[in-house]
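Please look over the sequence and the model shown here before reading on. The report that follows takes up the backbone, the helix packing and the nonpolar cores in turn.

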Amino acid sequence: MSRNVSRLIKLFLAIPLAALLAGCNAVVLAPAGDIAAQQRDLILIATVLMLLIIIPVLALVIIFARKYRQGNTGADYQPDWDHSTHLELVIWAAPLAIIICLGAVTWVGTHLLDPYRQLARIAPDRPVSADMTPLEVEVVALDWKWLFIYPQYNIASLNELVAPVDRPISFTLTSSSVMNSFYIPALAGQIYAMPGMQTRLHAVVNHPGSYKGFSANYSGHGFSGMHFEFRGVDDAGFDQWIADVRGADAQLDRKVYLELEKPTERVPVAHFAGVENGLYTAIVNMCVELDKMCMSEMMSIDARGGLGLAGVDNIAPALYGGGERNRSALGPQKTYVAALCSVDEAIAMTAKLPALSAPRPGLVTGAGLTPPSALQAPAAAAMSWLAGQTASLENSSAATAL
């Protein structure tokens with residue numbers, strides 16, 4: 001009696017859990033974009049192929065357990081049986097065929113749904129026309145918010161992304177500090193945004209509506225509130241939204257961006273009527289501060305063999321740290337590599353330091369470069385002196401031997 005009561009209690013406890021499941025949003029299985037729909041189809045095909053093995057195995061487990069239970073005395077008992085060719089063929093051939101099919105479907109789907117691949121269609125039987133210009137969106141993952149820059153319209157928005165229906169979207173993504181994962185389940189799969197790097201994502205929305213976007217990669221204390229709204233609208237609605245954003249008072253320049261870059265949580269939607277030219281490129285190259293060297297410039301200098309002594313003390317403090325410049329790159333003050341455009345400017349920058357004198361770039365070389373003329377005479381004199389010393393030692397050894 002107590003066992004039956006326990007079963008009834010468990011059943012009643014399970015009913016609220018089932019009711020909670022009814023509130024789940026199966027947006028992955030009911031997406032609003034063609035890319036997400038193709039990814040949904042790939043998931044369903046892979047699941048069905050795997051169930052072709054899983055369901056028969058689960059059914060056989062129940063059948064064998066019932067047939068060969070201890071109470072079934074009529075079961076055929078063969079303790080010396082150990083092999084069946086027909087059974088081996090079924091056991092190995094069926095999974096092998098499924099794995100081949102699953103591998104082929106996955107390989108084709110992975111290449112067709114490559115996030116870097118430009119869209120060839122906006123929906124089934126609807127190819128992208130030659131005169132259709134994709135919507136370009138530059139995405140920056142901040143702590144803990146999302147910044148969207150529309151370079152074709154010279155506007156930007158914070159925590160709000162709007163795109164017209166049936167128009168390809170070309171995303172370029174980066175991050176300000178740590179790695180994040182950009183994910184709109186109704187639109188396309190997730191793609192990482194990393195500092196100092198740029199990733200790509202191509203997608204399209206086919207049904208108007210409001211959808212949820214968020215970071216799918218833990219990125220710190222404010223990660224739980226790092227959400228934004230993605231809205232798919234018709235062309236007229238998109239034009240109206242562009243006009244509304246252009247009517248905003250704020251402008252997005254380097255100074256405003258540096259304020260946005262500071263960690264904040266659950267920031268409301270904000271619009272910017274203009275964007276400073278080259279801001280996104282500076283964000284990717286991690287040189288929004290005007291006196292900070294860009295990564296592209298740094299790599300270019302490295303490719304040319306370096307700056308030699310002109311770059312030894314090319315270290316500047318962070319703008320928001322305060323204080324005067326200090327020579328130590330490993331000191332307590334936050335520092336970074338200072339920007340420069342030429343060796344002469346680097347020397348001039350170093351000469352401004354009260355405790356330092358400008359180095360002589362003629363005495364240094366980069367990788368793969370010939371020694372400067374300033375070093376040739378001292379080097380020749382040193383080699384002559386060394387040859388004389390060697391000859392003197394040889395004469396001394398010969399005399400001692402005699």
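In which loop does Trp144 lie? Trp144 lies in the loop between β3 (135–142) and β4 (145–150), where strands (E, at least two residues) and helices (H or I, at least four residues) are DSSP runs numbered from the N terminus. The peptide bond that joins Asp143 and Trp144 is cis, with an omega of about -10°.

This is a predicted model, in which local features need pLDDT of at least 70 and side-chain atom pairs count only at pLDDT 80 or more, while totals for chains, interfaces and linings use all residues. Residues are numbered from 1 along each chain as its sequence is written, and side-chain values use heavy atoms, with hydrogens and water left out.

The protein has nine helices and 15 strands. Of its 402 residues, 33% are buried, where buried means under 20% relative accessible area, exposed over 50% and partly exposed in between, with a 1.4 Å probe and protein chains only. The accessible surface of the protein comes to about 24700 Å², and 63% of that surface belongs to carbon and sulfur atoms; these areas come from the Shrake-Rupley method with a 1.4 Å probe.

Most residues other than glycine have a negative phi, and most peptide bonds are trans. Two residues other than glycine with a positive phi are listed below.

| Residue | Phi | Loop | Relative accessible area |
|---|---|---|---|
| Asp125 | near 65° | between β1 (121–123) and β2 (126–127) | 78%, exposed |
| Arg266 | near 50° | between α5 (254–261) and β13 (270–272) | 58%, exposed |

Another loop residue is Thr133, which lies between β2 and β3 and is partly exposed, with a relative accessible area of 47%. Leaving aside neighbours within four places in sequence, Thr133 is in contact (heavy atoms within 4.5 Å) with Gln152 and Arg167. Thr133 and Arg167 are 34 residues apart along the chain, yet their C-alpha atoms are separated by 7.8 Å.

How do the axes of helix α2 and helix α3 cross? The axes of α2 (residues 34–67) and α3 (residues 85–112) come within 9 Å and cross at roughly 175°, which makes α2 roughly antiparallel to α3, a term for angles over 145 degrees. On the α2 side the contact is made by Leu42, Ile45, Ala46, Leu49, Met50, Leu52 and Ile53, and on the α3 side by Ala94, Pro95, Ile98, Cys101, Leu102, Val105 and Thr106. By class, this contact has 13 nonpolar, one polar and no charged residues; Ala, Val, Leu, Ile, Met, Phe, Trp, Tyr, Cys and Pro count as nonpolar, Asp, Glu, Lys and Arg as charged, and the others, Gly among them, as polar.

In soluble globular proteins, nonpolar side chains tend to be buried together. The largest nonpolar core, a set of buried Ala, Val, Leu, Ile, Met, Phe, Trp, Tyr and Cys residues joined through side-chain atoms within 4.5 Å, holds 41 residues, of which Tyr150, Leu161, Phe171, Phe182 and Phe230 touch the most other members. Not counting residues up to four places away in sequence, Phe171 touches Val137, Val139, Leu161, Phe182, Leu187, Thr199, Arg200, Leu201 and Ala203. A second, separate core of 19 residues includes Leu142, Tyr257, Val284 and Cys287.

Conventions: Axes are lines fitted to C-alpha atoms, for helices over the stretch in contact, and angles run from 0 to 180 degrees between N-to-C directions. Angles under 35 degrees count as roughly parallel, over 145 as roughly antiparallel, 65 to 115 as roughly perpendicular and the rest as oblique.
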